[in-house]
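Student: I am new to reading protein models, and I would like to learn how to go from the general idea of a feature to the case in front of me. Could you take me through it step by step?

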Amino acid sequence: GGSDTYTVTRDVKSVAAAQTGAVKKVVCLDLTTGEDQVSLDANGGYRWVAGANYLYLYKVQIEAEGSNALILPAGATVEVVGKCSITGGGANECAVWSKGDVTVGLGQDATLTVNGLGWRAEGNLTVAHAYDAYTGGELTVNYNGTSSDNGTSGAAIYMGGNTLRVEQGARVTANGSGIAKDSCGVKGAVYVDGGAELVADGGSAGSAGTSYGIFGDVTVKNGTVTANGGSGLQSYGVSGNSVSVSDGGVLNANGGTAVQDLNSGIKPISGGIYLGNNAVIENAAVNASGGVAPCGDSFASVGLQMTSRSEVTVNSGGVLNANGGQLTNGSSANETNGFSAGINMMDASEANLFVNGTGRVTAIGNPERLDGGTVISYGVNHTDMGELAIELSGVASFKAAGGTAASRAAFTPDTVSIKGSEAYRDFDNVTDGYKFLNSTYVRNDVPAQSLEVTVCDHRAGVTNGKCNNCGA
């Protein structure tokens with residue numbers, strides 16, 4: 001009931017994060033009933049004030065077996081003090097279910113750990129420190145199940161069509177794990193700002209499913225996102241239609257281990273980012289790296305996978321590093337097919353790459369096979385898809401490198417056009433003199449293993465008739 005009065009110390013800075021408080025066994029802590037609910041004393045517990053839509057968690061472990069542990073109504077605010085945990089979930093029920101927009105406010109060094117079958121959000125989920133002066137707060141959601149039939153579609157945090165927002169220096173960790181179908185750290189859009197951090201691990205999906213760190217659009221402003229694919233038939237750090245990184249933000253996207261399924265026609269691929277539509281990088285960094293994939297026909301490890309709709313724009317201060325990963329033995333120890341690519345544009349005939357201002361793009365393939373030997377590797381792979389146009393402006397730079405052996409190439413389109421605008425003096429198509437021969441660009445009959453281009457618009461002023469930036 002709500003008639004008893006409790007006095008609880010709420011000087012959160014004096015609460016050690018390592019403290020473990022009261023254990024509260026529940027059938028289901030359903031806070032959508034409109035009634036106040038309290039189980040709280042000086043050792044820990046919870047208090048729900050229905051009229052204020054306010055849940056206070058203090059050094060508490062909430063546990064439920066075979067059902068939702070916590071159901072939150074739309075508009076709820078959760079304040080976390082000390083070390084707290086919530087464990088639950090059943091065959092068709094997640095551990096935490098929020099039925100609308102919900103905010104989690106973390107106290108100084110406070111932690112909230114959700115174990116069991118994930119968090120299903122039917123509205124936006126915002127995680128931040130309860131007050132600006134607080135630091136060290138973290139929400140961790142661990143998916144510990146063996147089935148995706150629990151309302152989270154195999155994700156540790158399932159957002160549906162909503163957005164996970166991590167702000168005010170808070171940290172969120174989402175760990176997918178151990179299911180037979182798709183596995184995901186976060187499924188849905190993410191937004192990270194204000195020095196906050198998000199770490200999303202895809203976990204294991206086995207050879208029949210896919211593993212994603214984040215499956216959804218990603219926006220990072222003055223924060224850091226690290227997304228790691230786990231093991232699966234295909235594994236990506238990020239798979240989304242839109243990626244936007246700016247204002248000092250950092251996105252690290254790493255493919256995991258691609259596992260071959262001999263009964264499937266799907267090609268194993270490990271990739272840092274699968275981009276459906278647009279990516280914009282400005283005053284920020286994106287590091288996209290492929291993981292490990294087996295050797296086989298069209299099997300691959302790629303940093304950035306672009307589609308026919310993809311357009312990547314890197315503006316001033318922006319950096320894109322795309323690195324292909326390594327391949328290893330496939331179904332046969334003698335299998336040597338497959339490739340590594342920094343940027344892969346196969347089946348991407350209309351993909352575009354624009355590098356403006358001081359933007360920099362580097363695309364590197366990895367020719368070294370994990371178990372010894374080599375594989376074909378490319379900086380940019382754009383095979384049989386017509387002309388690849390890369391447009392540079394300002395003082396931008398572009399580098400592509402495939403490796404050191406004859407089968408490694410900077411790029412593999414039918415034709416490559418890298419151009420500057422009319423503001424550039426003495427700037428020709430840098431691919432003049434190259435020929436496409438035996439799936440590799442050559443110049444003077446030597447494989448074009450790397451290509452590096454830096455352009456200058458000569459607007460930095462002139463000294464003694466030469467540009468102050470490039471000297472031309």
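**Reading the model, feature by feature**

Tutor: The protein chain holds 0 helices and 46 strands, and you should keep in mind from the start that this is a predicted model.

Student: How many residues does the protein chain have, and what percentage of them is buried?

Tutor: Of the 472 residues in the protein chain, 52% are buried. As for how the chain comes together, among contacts between residues at least 6 apart in sequence, 72% join residues at least 24 apart.

Student: Which pairs could I look at to see residues that are apart in sequence being set beside their distance in space?

Tutor: Take V114 and I86, which are 28 residues apart in sequence and 4.8 Å apart in space, counted from C-alpha to C-alpha. V114 belongs to strand 12, residues 111-116, and with a relative accessible area of 0% V114 is buried. Setting aside neighbours within four places in sequence, the contacts of V114 are I86, A95, V96, W119, L139, T140, V141 and N142. Another pair is K83 and L112, with their positions 29 residues apart in sequence and 6.4 Å between their C-alpha atoms. K83 is in strand 9, residues 83-88, and counts as partly exposed because its relative accessibility is 37%, a value between the 20% and 50% cut-offs.

Student: How should I read a nonpolar core, and which residues touch the most other members here?

Tutor: The general idea is that in soluble globular proteins, nonpolar side chains tend to be buried together. In this model the largest nonpolar core has 83 residues, and those touching the most other members are L57, L72, W119, L125, L164, V186 and I214. Strand 16, residues 155-166, gives this core its largest share, with 5 residues. A second, separate core has 11 residues, among them Y158, Y236, V302 and F339. To follow one member of the largest core, choose V186, which, when residues up to four places away in sequence are not counted, touches I157, M159, L164, A174, L198, A200, G213, I214 and F215.

Student: What about empty space inside the protein: how many cavities of 30 Å³ or more are there?

Tutor: There is 1 cavity of 30 Å³ or more, and the volume of the largest cavity is about 60 Å³. Its lining consists of V243, I273, L275, A279, I281, V286, L304, V312 and L320; by class, these are 9 nonpolar residues, with no polar and no charged ones. Strand 26, residues 269-282, supplies the largest share of that lining, 4 residues.

Student: Why does C94 not form a bond with C28?

Tutor: A disulfide calls for two cysteine sulfur atoms within 2.5 Å. The closest cysteine sulfur to that of C94 is in C28, 9.4 Å away, which is too far for a bond. Across the whole structure the search finds 0 disulfides. C94 is buried, with a relative accessible area of 2%, and C295 is buried as well, at 1%.

Student: Which residue has a positive phi although it is not a glycine?

Tutor: D109 is one of them, with a phi of about 55°, and K59 also has a positive value, near 45°. D109 sits in the loop between strand 11 (102-106) and strand 12, while K59 is in the loop between strand 5 (54-58) and strand 6 (60-63). As to exposure, D109 is partly exposed at 33% relative accessible area, whereas K59 is buried at 11%.

Terms used
Residues numbered from 1 in each chain as written. Predicted model: local features only at pLDDT ≥ 70, side-chain atom pairs only at ≥ 80, totals over all residues. Heavy atoms only, no water. Helix = DSSP H or I, 4+ residues; strand = E, 2+ residues; numbered from the N terminus. Buried < 20%, exposed > 50% of the residue type's maximum accessible area, 1.4 Å probe, protein only. Core = buried A, V, L, I, M, F, W, Y, C linked by side-chain atoms within 4.5 Å. Contact = heavy atoms within 4.5 Å. 1 Å grid on protein atoms, 1.4 Å probe; cavity = no way out; pocket = protein on both sides within 12 Å on 5 of 7 lines; lining within 4 Å. Points joined across faces, edges and corners; volume = space filled by probe spheres on them. Nonpolar A, V, L, I, M, F, W, Y, C, P; charged D, E, K, R; others polar.
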